[in-house]
Amino acid sequence: MSSTNWNLEPSLESTAVVQIKAQYELFINGQWQAPLSKTYFDSVNPADESHLAKIAWAQAQDIDLAVQAARSAYENVWSKLSGAERGKYLFRIARLMQEKSRELAVLETLDGGKPIKESRDVDVPLACNHFFYYAGWADKLQEAFAGREVAALGLAAQITPWNFPLLMLAWKIAPALACGNTVVLKPAETTSLTALKFAEICQEAGLPAGVVNIVTGYGDSGAALVAHPDVNKIAFTGSTAVGKQIQKACIGTDKKLTLELGGKSANIILEDAPIDQAVEGVINAIFFNQGHVCCAGSRLYVQESIATRVIEKLKFRLQSIYVGNPLDKNTDIGAINSKKQLETIERYISLGVEEGAEMYQPSCHLPAKGYYCPPTLFTDVAQSARIAQEEIFGPVLTIQTFRTIDEVLQKANNSPYGLAAGVWTDKGARIFGLSSQLQAGVVWANTYNKFDPASPFGGYKESGFGREGGLHGLSAYLKFIN
Amino acid sequence: MQPNTSLTDFSVLLNSVAPVDQIGSLERIAKIQTRSLKGPAKLQGLRMALSMIDLTTLEGKDTPGKVRQMCYKAQHLHDQADGLPTVAAVCVFPTMVGVAKAALAHTAIKVAAVSTAFPAGQAPFEVKKLDTLHAVEHGADEIDMVISRGRFLAGDYNFVFDEIAAIKELCGSARLKVIFETGELDSLDQVKRVSTLAIAAGADFIKTSTGKIQPAATFPVVLTMLTAIKDHYDKTGQMIGMKPAGGISSAKIALQHLLLVKEVLGEAWLNNEWYRFGASSLANDLLMQYQKQLTGKYQSASYFSID
């Protein structure tokens, strides 16, 4: 009997729930303020290259106004509130975010290109959970650090990346406010819309003016924020190159700094692993959010005895990955965030071929407009190949084999990065053995890309320092008086 | 398929079976369950599911009259609607095979008989053989045997293998479905092992449950069995059929199962030669959803015949 063609029809999420304004101003001191220079930039939907909105481009004078507003709110309002009162605002924000979760999810997908099912099921619920979690800590800071006396730092400057715009905002703003700081946040230029929506939520929650300020713009806006002398704390998530610039800019100041940077995380499958679930884990580790994940499991290490089977299964699995319109509820891999990023990924794919690795991409029909990249596997990759060493930040997986556990441990740690790692094995002892020796901030065992507000996240080596999430995330926004 | 007689100790084979992680399996299933099925693709799925049903009656009180009624329904699912397929087969006790064959003469609908002292399988081997022979001699097209779960759980894999291989021989041209009763097998690792064993022993189809024990055809169990079928196919190029049975009573769940098949095995399995649902109440929910898709309205259950 011949096989049946059974193709899923497009199932598009409605965009009626969002109203995108033609133009967005800066959110300073609880109000929308036009940038003094009157300059704006365009925000583009990467799924079809359509224009979404004009966004204010903050310059140094605008940043100064935002910092002044945040300082004044800190001195006059926020630092005078009890932890319980701050907690109430955070709970209110969390509930409002939940109420608007559909709107936030659609907006995140339109602006950034990620599949609606991820923004709906991962980004937005997790962002809400971060606010709920840190709201609960706001009146328990003394209990959080027993025997220590803690105080807010003051004014936190926060710069977020384009891969998880709302979620990274939540990771940063929730603990900062819970600890009693006020905030100036600059979202990435390609994904400002959910941060601006968040500003509306702050207004709706009645958050005192100036406690949260959102300044949009490019890298120059971020640099002006980092350089501002009245900033007490800088939190940055983004590339290692920019992280290094920020660290340099902070030399000789008493600004407290946390950096969450790039990664080239190793995902290790041992021969006794539950192979089918490991294959699924690999898919999740590298293709989640188009591979735009700092902790993406982009280096796969498979024990040689099972490598053929694992690669065969991976290739088959790629056939049922849907690449396309991010608003389609069946889409697994959406649009690459920007043209620039797509060019970077394509450059690395060509480089991989030049380096002699064998490339595999499933046949898939990509939309004619927009920025798309099929899921890509490279086998026969050398440890010394650049595609195995450098962060690609796209749906590209390098696969290497290994013979012994010592060998894979050395190879996994042989990287300037150290953000995350995955270990797949049926033996508990091997999990403990490897996870204690892998130089990575997070080691997942028989799973990957699991996040929870109670769990700290951060890197080793050039993946950054400081932790976000959990109790550790609180201490990044506090000073310890004794 | 023919039994793989080159194997003498099946513990060697079974020790090479990769372990199964329950949580990872559930995550894989959750991904399938968020797939959105709409429009013509949903209609196609509903029709496909109807055509894969083994319409079943397996009760102590079964009579020729009941079986004949069911055989009529098997051919005429809902004559008020156009374009409906028939079900794939009816599934009855061996004593009812003759009745069903007569009722379904001149149709393409198969007659399947449960066998080997269904559902518990607790009878001497000679009795199981007679049970099977009776069904085959009366014209059964398919034999749904149960395995000796007690022997399997006791680690007596050779016994279970031999039993399946012996029944397969008696089947002649009838296709053999091997029922594991996964609700009695404890873990997904066991499900993977028993699937591998039954396929090696000559099963044409592997089947989750008798329908008499809960849990029955749960998603993780079905996924594990599909994976065993895929592994065998990758190794040998030989297709094995799959039949979840028990607990699949809604169209929504049935369609999710078909999506699982599409992604785990591929579209070659999406027909009633390689995939079946063992169910009695599923058909009417599929019919109701089918009518809903066509007319935009849900109709009362009273408009769909129960037998």
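Contact here means heavy atoms within 4.5 Å. Axes are lines fitted to C-alpha atoms, for helices over the stretch in contact, and angles run from 0 to 180 degrees between N-to-C directions. Helices (H or I, at least four residues) and strands (E, at least two) are DSSP runs, numbered from the N terminus.

This is a predicted model, where local features need pLDDT of at least 70, side-chain atom pairs count only at pLDDT 80 or more, and totals for chains, interfaces and linings use all residues. Residues are numbered from 1 along each chain as its sequence is written, chains are lettered from A and ligands numbered from 1 in the order in which they are written, and side-chain values use heavy atoms, with hydrogens and water left out.

**Exercise 1.** Work out the strand order of the open sheet in chain B, and find its edges.

*Solution.* Start with pairing: two strands pair if DSSP finds at least two bridges between them. Eight strands then line up as β7-β6-β5-β4-β3-β2-β1-β8, with parallel pairing. Next, the edges: β7 (241-243) and β8 (277-279) of chain B each have a single partner strand, so one side of each lacks a neighbour in the sheet. From one strand to the next, the twist averages 25°.

**Exercise 2.** Place strand β2 (residues 89-92) of chain B among its neighbours.

*Solution.* Take β1(B) (residues 53-56) to begin with: it runs parallel to β2(B) over three bridges, and B:Leu55 sits opposite B:Val90. Now β3(B) (residues 110-115): it pairs with β2(B) in the parallel sense over four bridges, with B:Val92 opposite B:Ala113. To get from β2(B) to β3(B), the chain goes through helix α5(B) (residues 97-103) in a right-handed β-α-β crossover; that is, with the strands pointing away from the viewer, the path from the first strand over the helix to the second runs clockwise.

Are the side chains of β2(B) buried or exposed? In a regular strand they alternate between the two faces of the sheet. B:Ala89 and B:Cys91 on one side, and B:Val90 and B:Val92 on the other, are all buried (under 20% relative accessible area, with a 1.4 Å probe and protein chains only; exposed is over 50%, partly exposed in between).

**Exercise 3.** Find what covers β1 and β8 of chain B, and what covers β6 and β7.

*Solution.* Helix α12(B) (residues 282-295) lies across β1 and β8, at about 125° to β1(B). Over β6 (205-207) and β7 of chain B lies helix α10(B) (residues 219-236), running at about 170° to β7(B).
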